[in-house]
Amino acid sequence: MTDDPDRYRRSKELKRRAERVIPVGTQTFTKSAGYRVGDDAPFFLQRGSGSHVFDVDGNEYVDFIMGLGPVTVGYADERVNRIVRDQLEDGVLLSQPHPREVDLSERICELVPAAEMVRFGKNGSDATSAAVRLARAYTGRDRIAKCGYHGWQDWSIADTDNDSGIPDSVQPYTQSWKYNDLEDLKTLFDEYDDIAAVIMEPMETEGPDPDFLAGVKEIAHDNGALLIFDEVITGFRFSLGGAQEHFGVTPDLAAFGKGIANGFPLSVLVGRADVMRELKDVFFSFTYGGELASLAAAEATLDVLENENVIDHMWDLGETLQTRTETLVERHALADHVEMKGLEPWPVLDFEGGANDPDDYDLALKSLFQREVVNRGVLFNGNHFFCDAHTSDDIERTLDVYDAAFETLSDAIRDDEVYERLDGEMISPAFRRTRHDGS
Ligand SMILES: Cc1ncc(COP(=O)(O)O)c(C=O)c1O
(Lines give C-alpha, C1' and ligand atoms only; values in the text may rest on other atoms or scores of the structure.)
Protein backbone atom coordinates (compact mmCIF):
# COMPACT_ATOMS: atom_id res chain seq x y z
CA MET A 1 0.00 0.00 0.00
CA THR A 2 1.14 3.54 -0.58
CA ASP A 3 2.01 5.66 2.46
CA ASP A 4 0.26 8.74 1.07
CA PRO A 5 -3.55 8.35 1.26
CA ASP A 6 -4.00 11.18 -1.26
CA ARG A 7 -1.57 9.87 -3.85
CA TYR A 8 -4.39 8.66 -6.14
CA ARG A 9 -7.24 10.89 -4.92
CA ARG A 10 -8.39 12.27 -8.31
CA SER A 11 -7.95 8.86 -9.94
CA LYS A 12 -10.26 7.31 -7.35
CA GLU A 13 -12.89 10.01 -7.83
CA LEU A 14 -12.83 9.63 -11.60
CA LYS A 15 -12.98 5.87 -11.28
CA ARG A 16 -16.15 6.07 -9.20
CA ARG A 17 -17.74 8.44 -11.77
CA ALA A 18 -16.64 6.24 -14.66
CA GLU A 19 -18.12 3.11 -13.12
CA ARG A 20 -21.55 4.80 -13.11
CA VAL A 21 -21.54 5.68 -16.83
CA ILE A 22 -19.02 3.39 -18.57
CA PRO A 23 -19.34 -0.41 -18.39
CA VAL A 24 -16.03 -1.74 -16.94
CA GLY A 25 -15.05 1.90 -16.45
CA THR A 26 -13.17 2.30 -19.72
CA GLN A 27 -12.96 1.13 -23.33
CA THR A 28 -10.28 -1.56 -23.22
CA PHE A 29 -10.40 -4.60 -20.96
CA THR A 30 -6.72 -4.53 -20.04
CA LYS A 31 -6.98 -0.89 -18.97
CA SER A 32 -9.95 -1.64 -16.70
CA ALA A 33 -9.98 -1.77 -12.91
CA GLY A 34 -9.51 -5.54 -12.87
CA TYR A 35 -5.99 -5.10 -14.16
CA ARG A 36 -4.91 -2.73 -11.38
CA VAL A 37 -4.56 -3.67 -7.72
CA GLY A 38 -7.60 -2.18 -6.03
CA ASP A 39 -7.76 1.56 -5.44
CA ASP A 40 -4.10 1.52 -4.60
CA ALA A 41 -2.94 2.32 -8.11
CA PRO A 42 -3.41 5.08 -10.61
CA PHE A 43 -6.33 4.51 -12.89
CA PHE A 44 -6.52 7.70 -14.94
CA LEU A 45 -3.56 9.15 -16.80
CA GLN A 46 -3.50 12.78 -17.86
CA ARG A 47 -0.71 12.86 -20.41
CA GLY A 48 2.38 11.22 -21.81
CA SER A 49 5.72 12.64 -22.88
CA GLY A 50 8.42 10.49 -24.47
CA SER A 51 8.68 7.30 -22.39
CA HIS A 52 6.94 8.74 -19.33
CA VAL A 53 3.31 9.21 -18.36
CA PHE A 54 1.68 11.40 -15.70
CA ASP A 55 -1.47 10.45 -13.83
CA VAL A 56 -4.30 12.83 -12.99
CA ASP A 57 -2.81 13.32 -9.52
CA GLY A 58 0.48 14.49 -11.01
CA ASN A 59 2.52 11.32 -10.32
CA GLU A 60 5.10 10.44 -12.98
CA TYR A 61 5.89 6.95 -14.27
CA VAL A 62 8.35 5.30 -16.60
CA ASP A 63 5.96 3.49 -18.94
CA PHE A 64 6.57 0.10 -20.51
CA ILE A 65 2.95 -0.44 -21.53
CA MET A 66 3.13 2.23 -24.23
CA GLY A 67 -0.61 2.41 -24.84
CA LEU A 68 -0.66 -1.45 -25.00
CA GLY A 69 2.13 -1.49 -27.58
CA PRO A 70 1.42 1.09 -30.29
CA VAL A 71 3.73 3.86 -29.10
CA THR A 72 7.05 3.10 -30.80
CA VAL A 73 8.46 6.63 -31.14
CA GLY A 74 7.29 8.17 -27.86
CA TYR A 75 4.30 9.93 -26.38
CA ALA A 76 3.48 13.30 -27.98
CA ASP A 77 6.60 13.11 -30.14
CA GLU A 78 6.98 16.31 -32.13
CA ARG A 79 8.42 14.49 -35.17
CA VAL A 80 5.09 12.68 -35.55
CA ASN A 81 2.81 15.42 -34.25
CA ARG A 82 4.18 18.00 -36.70
CA ILE A 83 3.20 15.91 -39.74
CA VAL A 84 -0.20 15.12 -38.25
CA ARG A 85 -0.81 18.81 -37.53
CA ASP A 86 -0.03 19.65 -41.18
CA GLN A 87 -2.54 17.02 -42.26
CA LEU A 88 -5.22 18.44 -39.93
CA GLU A 89 -4.99 21.68 -41.89
CA ASP A 90 -5.97 19.80 -45.08
CA GLY A 91 -8.69 17.64 -43.54
CA VAL A 92 -8.47 14.11 -42.13
CA LEU A 93 -11.27 12.36 -44.00
CA LEU A 94 -11.95 13.29 -47.60
CA SER A 95 -14.65 11.97 -49.93
CA GLN A 96 -12.27 10.16 -52.27
CA PRO A 97 -8.85 8.49 -51.79
CA HIS A 98 -5.74 10.55 -50.99
CA PRO A 99 -2.17 10.02 -52.32
CA ARG A 100 -0.96 9.06 -48.84
CA GLU A 101 -2.78 5.70 -49.25
CA VAL A 102 -0.61 4.88 -52.24
CA ASP A 103 2.63 6.23 -50.76
CA LEU A 104 2.27 4.28 -47.52
CA SER A 105 1.17 1.09 -49.29
CA GLU A 106 4.23 1.23 -51.57
CA ARG A 107 6.48 1.80 -48.58
CA ILE A 108 5.01 -1.17 -46.70
CA CYS A 109 5.48 -3.36 -49.79
CA GLU A 110 9.17 -2.42 -49.72
CA LEU A 111 9.54 -3.15 -46.01
CA VAL A 112 7.44 -6.24 -45.29
CA PRO A 113 8.36 -9.55 -47.00
CA ALA A 114 4.74 -10.78 -47.31
CA ALA A 115 3.45 -7.46 -48.63
CA GLU A 116 2.67 -7.56 -52.34
CA MET A 117 -0.55 -5.62 -51.73
CA VAL A 118 -1.83 -3.66 -48.76
CA ARG A 119 -5.12 -2.60 -47.16
CA PHE A 120 -5.64 -0.46 -44.09
CA GLY A 121 -7.94 -0.86 -41.10
CA LYS A 122 -8.21 0.86 -37.74
CA ASN A 123 -7.85 -1.80 -35.02
CA GLY A 124 -5.67 -4.90 -35.18
CA SER A 125 -8.91 -6.91 -35.14
CA ASP A 126 -9.91 -5.35 -38.47
CA ALA A 127 -6.78 -6.73 -40.09
CA THR A 128 -6.87 -10.20 -38.51
CA SER A 129 -10.59 -10.61 -39.23
CA ALA A 130 -10.16 -9.46 -42.82
CA ALA A 131 -7.32 -11.97 -43.22
CA VAL A 132 -9.54 -14.75 -41.91
CA ARG A 133 -12.46 -13.82 -44.17
CA LEU A 134 -10.13 -13.57 -47.13
CA ALA A 135 -8.59 -16.97 -46.41
CA ARG A 136 -12.05 -18.51 -46.15
CA ALA A 137 -13.06 -17.01 -49.48
CA TYR A 138 -9.81 -17.97 -51.19
CA THR A 139 -9.81 -21.60 -50.02
CA GLY A 140 -13.58 -22.16 -49.97
CA ARG A 141 -13.18 -23.57 -46.45
CA ASP A 142 -14.59 -22.36 -43.12
CA ARG A 143 -12.46 -23.57 -40.21
CA ILE A 144 -9.62 -21.58 -38.65
CA ALA A 145 -6.66 -22.99 -36.68
CA LYS A 146 -5.52 -20.24 -34.36
CA CYS A 147 -2.63 -19.80 -31.96
CA GLY A 148 -2.68 -16.66 -29.80
CA TYR A 149 -4.99 -13.72 -29.33
CA HIS A 150 -6.27 -12.02 -32.47
CA GLY A 151 -8.88 -9.46 -31.40
CA TRP A 152 -12.45 -9.10 -30.19
CA GLN A 153 -14.47 -10.54 -33.09
CA ASP A 154 -16.62 -13.68 -32.78
CA TRP A 155 -14.28 -16.01 -34.67
CA SER A 156 -11.32 -15.03 -32.48
CA ILE A 157 -13.01 -15.13 -29.07
CA ALA A 158 -15.38 -18.06 -29.71
CA ASP A 159 -13.20 -20.67 -28.01
CA THR A 160 -12.10 -18.58 -25.02
CA ASP A 161 -13.51 -18.08 -21.55
CA ASN A 162 -14.88 -14.73 -22.75
CA ASP A 163 -17.36 -16.22 -25.21
CA SER A 164 -20.55 -14.68 -23.86
CA GLY A 165 -22.79 -13.33 -26.60
CA ILE A 166 -21.16 -15.49 -29.27
CA PRO A 167 -23.45 -18.13 -30.82
CA ASP A 168 -22.44 -21.71 -29.98
CA SER A 169 -22.71 -22.47 -33.67
CA VAL A 170 -19.66 -20.29 -34.35
CA GLN A 171 -17.38 -22.05 -31.91
CA PRO A 172 -16.50 -25.22 -33.86
CA TYR A 173 -15.10 -23.07 -36.66
CA THR A 174 -12.27 -21.85 -34.42
CA GLN A 175 -9.80 -24.45 -33.20
CA SER A 176 -6.81 -23.53 -31.07
CA TRP A 177 -3.47 -25.25 -31.12
CA LYS A 178 -0.33 -24.88 -29.01
CA TYR A 179 2.62 -22.65 -29.87
CA ASN A 180 5.87 -24.52 -30.60
CA ASP A 181 3.94 -27.78 -30.97
CA LEU A 182 3.83 -28.93 -34.58
CA GLU A 183 2.30 -32.25 -33.58
CA ASP A 184 -0.65 -30.42 -32.06
CA LEU A 185 -1.20 -28.55 -35.32
CA LYS A 186 -0.94 -31.79 -37.30
CA THR A 187 -3.58 -33.34 -35.06
CA LEU A 188 -5.96 -30.55 -36.02
CA PHE A 189 -5.35 -31.14 -39.71
CA ASP A 190 -5.85 -34.90 -39.16
CA GLU A 191 -9.18 -34.16 -37.53
CA TYR A 192 -10.49 -31.50 -39.93
CA ASP A 193 -10.17 -31.32 -43.72
CA ASP A 194 -11.78 -27.89 -43.99
CA ILE A 195 -9.16 -25.64 -42.38
CA ALA A 196 -8.89 -22.43 -44.40
CA ALA A 197 -6.00 -20.88 -42.52
CA VAL A 198 -3.55 -21.19 -39.71
CA ILE A 199 -3.37 -17.83 -37.95
CA MET A 200 -0.72 -17.30 -35.31
CA GLU A 201 1.38 -14.78 -33.47
CA PRO A 202 4.90 -15.56 -34.72
CA MET A 203 6.12 -15.03 -31.17
CA GLU A 204 4.30 -15.41 -27.91
CA THR A 205 5.89 -15.13 -24.48
CA GLU A 206 8.36 -17.65 -25.83
CA GLY A 207 10.25 -17.46 -29.09
CA PRO A 208 9.90 -20.06 -31.85
CA ASP A 209 11.95 -23.27 -31.68
CA PRO A 210 14.30 -23.63 -34.66
CA ASP A 211 12.30 -24.58 -37.77
CA PHE A 212 8.97 -24.19 -35.94
CA LEU A 213 7.62 -21.33 -38.09
CA ALA A 214 8.85 -22.96 -41.30
CA GLY A 215 7.24 -26.19 -40.08
CA VAL A 216 3.90 -24.46 -39.55
CA LYS A 217 4.03 -23.04 -43.05
CA GLU A 218 4.79 -26.44 -44.54
CA ILE A 219 1.98 -28.15 -42.66
CA ALA A 220 -0.52 -25.43 -43.63
CA HIS A 221 0.44 -25.53 -47.30
CA ASP A 222 0.60 -29.36 -47.49
CA ASN A 223 -2.99 -29.33 -46.29
CA GLY A 224 -4.20 -26.61 -48.65
CA ALA A 225 -4.51 -23.90 -45.98
CA LEU A 226 -3.04 -20.40 -45.92
CA LEU A 227 -0.62 -19.17 -43.28
CA ILE A 228 -1.49 -15.85 -41.62
CA PHE A 229 0.92 -14.15 -39.23
CA ASP A 230 -0.69 -11.90 -36.66
CA GLU A 231 2.03 -9.29 -36.28
CA VAL A 232 -0.11 -6.82 -34.37
CA ILE A 233 2.45 -6.86 -31.55
CA THR A 234 5.64 -8.03 -33.28
CA GLY A 235 5.26 -5.71 -36.30
CA PHE A 236 7.57 -2.69 -36.38
CA ARG A 237 9.23 -3.92 -33.19
CA PHE A 238 11.15 -7.12 -34.06
CA SER A 239 12.30 -5.64 -37.34
CA LEU A 240 10.94 -3.08 -39.79
CA GLY A 241 9.65 -6.02 -41.81
CA GLY A 242 8.15 -7.65 -38.72
CA ALA A 243 8.88 -10.98 -37.06
CA GLN A 244 8.53 -12.58 -40.51
CA GLU A 245 11.66 -10.73 -41.60
CA HIS A 246 13.46 -11.42 -38.34
CA PHE A 247 12.73 -15.16 -38.36
CA GLY A 248 12.94 -15.53 -42.15
CA VAL A 249 9.52 -17.11 -42.74
CA THR A 250 7.08 -15.33 -45.05
CA PRO A 251 3.38 -16.01 -44.53
CA ASP A 252 0.66 -15.74 -47.21
CA LEU A 253 -1.09 -12.93 -45.33
CA ALA A 254 -0.14 -10.84 -42.34
CA ALA A 255 -1.93 -8.44 -40.02
CA PHE A 256 -0.17 -5.45 -38.48
CA GLY A 257 -1.47 -2.83 -36.05
CA LYS A 258 -0.14 -1.17 -32.95
CA GLY A 259 3.47 -0.14 -33.70
CA ILE A 260 3.04 1.51 -37.07
CA ALA A 261 1.57 4.91 -36.20
CA ASN A 262 2.82 5.85 -32.71
CA GLY A 263 -0.64 5.46 -31.18
CA PHE A 264 -2.80 6.73 -34.03
CA PRO A 265 -5.42 4.15 -35.00
CA LEU A 266 -4.10 2.25 -37.99
CA SER A 267 -3.86 -1.42 -38.82
CA VAL A 268 -2.59 -3.07 -41.97
CA LEU A 269 -3.46 -6.22 -43.87
CA VAL A 270 -0.78 -7.35 -46.30
CA GLY A 271 -0.28 -10.42 -48.42
CA ARG A 272 0.20 -12.28 -51.67
CA ALA A 273 -1.28 -10.37 -54.56
CA ASP A 274 -3.34 -13.32 -55.84
CA VAL A 275 -5.02 -13.67 -52.43
CA MET A 276 -5.35 -9.95 -51.73
CA ARG A 277 -7.03 -9.36 -55.11
CA GLU A 278 -9.98 -11.41 -53.79
CA LEU A 279 -10.84 -8.30 -51.75
CA LYS A 280 -12.79 -7.14 -54.79
CA ASP A 281 -15.44 -9.67 -53.71
CA VAL A 282 -14.67 -10.13 -50.01
CA PHE A 283 -16.28 -7.31 -48.05
CA PHE A 284 -13.75 -5.30 -46.05
CA SER A 285 -14.88 -1.69 -46.04
CA PHE A 286 -15.65 1.01 -43.49
CA THR A 287 -16.05 4.76 -43.26
CA TYR A 288 -12.73 5.58 -41.61
CA GLY A 289 -10.48 3.36 -43.76
CA GLY A 290 -7.69 5.57 -45.10
CA GLU A 291 -8.31 8.29 -42.49
CA LEU A 292 -5.45 10.69 -43.03
CA ALA A 293 -4.18 11.71 -39.59
CA SER A 294 -3.24 8.06 -38.99
CA LEU A 295 -1.64 7.62 -42.41
CA ALA A 296 0.38 10.79 -41.83
CA ALA A 297 1.38 9.52 -38.37
CA ALA A 298 2.47 6.20 -39.90
CA GLU A 299 4.69 7.91 -42.47
CA ALA A 300 6.32 10.01 -39.75
CA THR A 301 6.66 6.98 -37.45
CA LEU A 302 8.33 4.89 -40.16
CA ASP A 303 10.70 7.80 -40.87
CA VAL A 304 11.81 7.85 -37.24
CA LEU A 305 12.01 4.05 -36.94
CA GLU A 306 14.18 3.89 -40.08
CA ASN A 307 16.34 6.98 -39.62
CA GLU A 308 17.01 6.61 -35.89
CA ASN A 309 17.67 2.85 -35.81
CA VAL A 310 14.87 2.45 -33.30
CA ILE A 311 14.58 -1.31 -33.75
CA ASP A 312 18.23 -1.81 -32.69
CA HIS A 313 17.62 0.51 -29.75
CA MET A 314 14.65 -1.64 -28.66
CA TRP A 315 16.72 -4.84 -28.91
CA ASP A 316 19.52 -3.24 -26.85
CA LEU A 317 17.23 -1.94 -24.11
CA GLY A 318 15.46 -5.30 -23.98
CA GLU A 319 18.72 -7.18 -23.63
CA THR A 320 19.86 -5.01 -20.72
CA LEU A 321 16.50 -5.21 -18.98
CA GLN A 322 16.28 -8.98 -19.44
CA THR A 323 19.76 -9.90 -18.28
CA ARG A 324 19.84 -7.50 -15.33
CA THR A 325 16.34 -8.52 -14.20
CA GLU A 326 17.39 -12.16 -14.33
CA THR A 327 20.34 -11.31 -12.07
CA LEU A 328 17.98 -9.61 -9.61
CA VAL A 329 15.65 -12.61 -9.64
CA GLU A 330 18.60 -14.86 -8.73
CA ARG A 331 19.87 -12.47 -6.08
CA HIS A 332 16.47 -12.40 -4.36
CA ALA A 333 16.14 -16.19 -4.64
CA LEU A 334 12.94 -15.84 -6.66
CA ALA A 335 13.81 -18.15 -9.55
CA ASP A 336 11.03 -20.59 -8.58
CA HIS A 337 8.43 -17.87 -8.91
CA VAL A 338 9.60 -15.19 -11.34
CA GLU A 339 10.91 -15.55 -14.87
CA MET A 340 11.82 -13.07 -17.57
CA LYS A 341 10.37 -14.58 -20.74
CA GLY A 342 10.17 -13.40 -24.33
CA LEU A 343 12.73 -12.01 -26.71
CA GLU A 344 14.52 -8.69 -26.35
CA PRO A 345 12.00 -6.38 -28.09
CA TRP A 346 9.15 -7.84 -26.02
CA PRO A 347 10.29 -9.12 -22.60
CA VAL A 348 7.52 -10.42 -20.35
CA LEU A 349 7.95 -10.78 -16.60
CA ASP A 350 6.05 -13.90 -15.63
CA PHE A 351 5.01 -15.12 -12.18
CA GLU A 352 4.36 -18.72 -11.15
CA GLY A 353 3.09 -20.59 -8.14
CA GLY A 354 4.66 -23.82 -6.95
CA ALA A 355 2.99 -27.25 -6.90
CA ASN A 356 1.79 -26.77 -3.31
CA ASP A 357 0.65 -23.16 -3.69
CA PRO A 358 -2.99 -22.06 -4.20
CA ASP A 359 -4.15 -21.91 -7.86
CA ASP A 360 -4.09 -18.12 -7.97
CA TYR A 361 -0.69 -17.72 -6.30
CA ASP A 362 0.84 -16.55 -9.62
CA LEU A 363 -1.72 -13.74 -9.78
CA ALA A 364 -1.15 -12.85 -6.15
CA LEU A 365 2.60 -12.56 -6.73
CA LYS A 366 2.10 -10.48 -9.85
CA SER A 367 -0.40 -8.26 -8.02
CA LEU A 368 1.98 -7.60 -5.16
CA PHE A 369 4.88 -6.90 -7.51
CA GLN A 370 2.74 -4.67 -9.71
CA ARG A 371 1.52 -2.63 -6.76
CA GLU A 372 5.05 -2.21 -5.44
CA VAL A 373 6.55 -1.05 -8.74
CA VAL A 374 3.65 1.22 -9.68
CA ASN A 375 3.82 2.96 -6.31
CA ARG A 376 7.53 3.50 -6.97
CA GLY A 377 6.94 5.08 -10.40
CA VAL A 378 7.04 2.32 -13.03
CA LEU A 379 3.84 1.56 -14.93
CA PHE A 380 3.74 -2.22 -15.28
CA ASN A 381 1.51 -4.99 -16.59
CA GLY A 382 4.09 -7.71 -17.26
CA ASN A 383 4.90 -6.75 -20.86
CA HIS A 384 7.77 -4.43 -21.68
CA PHE A 385 7.38 -2.40 -24.84
CA PHE A 386 10.09 0.08 -25.77
CA CYS A 387 10.08 3.24 -27.85
CA ASP A 388 12.66 5.58 -29.32
CA ALA A 389 12.34 7.84 -26.28
CA HIS A 390 13.27 5.18 -23.70
CA THR A 391 16.75 5.80 -22.30
CA SER A 392 19.27 3.77 -20.37
CA ASP A 393 18.35 5.98 -17.39
CA ASP A 394 14.77 4.67 -17.67
CA ILE A 395 16.14 1.14 -17.54
CA GLU A 396 18.40 1.89 -14.55
CA ARG A 397 15.51 3.52 -12.66
CA THR A 398 13.30 0.54 -13.47
CA LEU A 399 15.92 -1.95 -12.29
CA ASP A 400 16.25 -0.08 -8.98
CA VAL A 401 12.49 -0.25 -8.57
CA TYR A 402 12.40 -3.96 -9.50
CA ASP A 403 15.17 -4.60 -6.97
CA ALA A 404 13.11 -3.05 -4.17
CA ALA A 405 9.89 -4.78 -5.27
CA PHE A 406 11.61 -8.18 -5.49
CA GLU A 407 12.80 -7.69 -1.93
CA THR A 408 9.22 -7.11 -0.77
CA LEU A 409 8.06 -10.13 -2.76
CA SER A 410 10.79 -12.31 -1.35
CA ASP A 411 9.99 -11.24 2.24
CA ALA A 412 6.27 -11.84 1.68
CA ILE A 413 6.90 -15.33 0.31
CA ARG A 414 9.28 -16.19 3.16
CA ASP A 415 6.81 -14.95 5.78
CA ASP A 416 3.84 -16.53 3.99
CA GLU A 417 2.16 -13.11 3.84
CA VAL A 418 1.53 -12.63 0.11
CA TYR A 419 -2.28 -12.57 0.36
CA GLU A 420 -2.27 -10.69 3.64
CA ARG A 421 -0.16 -7.89 2.17
CA LEU A 422 -2.57 -7.61 -0.76
CA ASP A 423 -5.48 -7.17 1.61
CA GLY A 424 -7.80 -9.08 -0.72
CA GLU A 425 -7.01 -6.94 -3.77
CA MET A 426 -5.83 -8.84 -6.84
CA ILE A 427 -5.59 -8.27 -10.56
CA SER A 428 -7.73 -10.35 -12.92
CA PRO A 429 -6.31 -13.30 -14.84
CA ALA A 430 -5.22 -12.57 -18.40
CA PHE A 431 -8.14 -13.28 -20.66
CA ARG A 432 -6.25 -15.01 -23.42
CA ARG A 433 -6.93 -18.51 -22.14
CA THR A 434 -8.72 -20.77 -24.55
CA ARG A 435 -10.65 -23.95 -23.88
CA HIS A 436 -7.70 -25.65 -25.52
CA ASP A 437 -5.56 -24.64 -22.50
CA GLY A 438 -7.98 -26.54 -20.29
CA SER A 439 -9.11 -23.42 -18.44
C1 LIG B 1 -1.50 -10.29 -31.22
C2 LIG B 1 -2.72 -9.43 -31.28
N3 LIG B 1 -3.55 -9.53 -32.34
C4 LIG B 1 -4.64 -8.76 -32.47
C5 LIG B 1 -4.96 -7.85 -31.49
C6 LIG B 1 -6.19 -7.02 -31.65
O7 LIG B 1 -5.84 -5.71 -31.89
P8 LIG B 1 -6.89 -4.54 -31.53
O9 LIG B 1 -7.07 -4.57 -30.05
O10 LIG B 1 -6.21 -3.30 -32.02
O11 LIG B 1 -8.14 -4.84 -32.27
C12 LIG B 1 -4.15 -7.71 -30.37
C13 LIG B 1 -4.47 -6.75 -29.30
O14 LIG B 1 -3.92 -6.73 -28.24
C15 LIG B 1 -2.99 -8.52 -30.25
O16 LIG B 1 -2.19 -8.45 -29.18
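In what order do the strands of the open sheet of four strands run? The order is β1-β2-β3-β13, and the pairing in this sheet is mixed. Before I continue, please keep in mind that the model before us is predicted.

Let us begin at the margins of this sheet. Its edge strands are β1, residues 45-49, and β13, residues 378-379, each of which pairs on one side only. Strand β1 is joined to β2, residues 52-55, by four bridges, and the two run in the antiparallel sense. To find this pairing in the structure, look for Gly48, whose bridge partner in β2 is Val53. A helix also packs on this sheet: α13, residues 392-414, touches β2, β3 (60-63) and β13. The direction of α13 makes about 105° with that of β3.

I turn now to the second sheet. This one is also open, but it has seven strands, in the order β4-β10-β9-β8-β7-β5-β6, again with mixed pairing. Here the edge strands are β4, residues 117-121, and β6, residues 174-176, and each pairs on one side only. From one strand to the next, the twist averages 20°. Within the sheet, β8 (residues 226-231) and β9 (residues 253-256) run parallel and are joined by four bridges. Ile228 marks the place, since it stands opposite Leu253 in β9. Helix α6, residues 182-191, packs on this sheet and touches β5 (143-147), β6 and β7 (195-200). Between the direction of α6 and that of β7 the angle is about 160°. As a general point for reading such sheets, side chains in a regular strand alternate between the two faces of the sheet.

There is a further pair of strands to consider. Strands β11, residues 338-341, and β12, residues 348-351, run antiparallel and share four bridges. Lys341 stands opposite Val348 in β12. Together the two strands form a hairpin, with six residues between them. In the turn, Gly342 has a positive phi of about 85°.

Finally, we come to the ligand. Which residues come nearest to it? Of the 12 residues around the ligand, they are Gly124, Ser125, Tyr149, Asp230 and Lys258. Three side chains deserve attention here. An N or O atom in the side chain of Ser125 is 2.4 Å from an oxygen atom of the ligand. For Asp230, a side-chain N or O atom is 2.6 Å from a nitrogen atom of the ligand. For Lys258, the distance from a side-chain N or O atom to an oxygen atom of the ligand is 3.0 Å.

How much of the ligand's exposed area does the protein bury? Taken alone, the ligand exposes 390 Å², and the protein buries 84% of that. By class, the surrounding shell has three nonpolar, five polar and four charged residues.

Conventions:
Residues numbered from 1 in each chain as written. Predicted model: local features only at pLDDT ≥ 70, side-chain atom pairs only at ≥ 80, totals over all residues. Heavy atoms only, no water. Pairing = 2+ DSSP bridges. Contact = heavy atoms within 4.5 Å. Axes fitted to C-alpha atoms, helices over the stretch in contact; angles between N-to-C directions. Near = heavy atom within 4 Å. Polar contact = N/O pair within 3.5 Å; in protein donor to acceptor, adjacent residues only side chain to side chain. Areas by Shrake-Rupley, 256 points an atom, 1.4 Å probe, with all protein chains shown as cover. Nonpolar A, V, L, I, M, F, W, Y, C, P; charged D, E, K, R; others polar.
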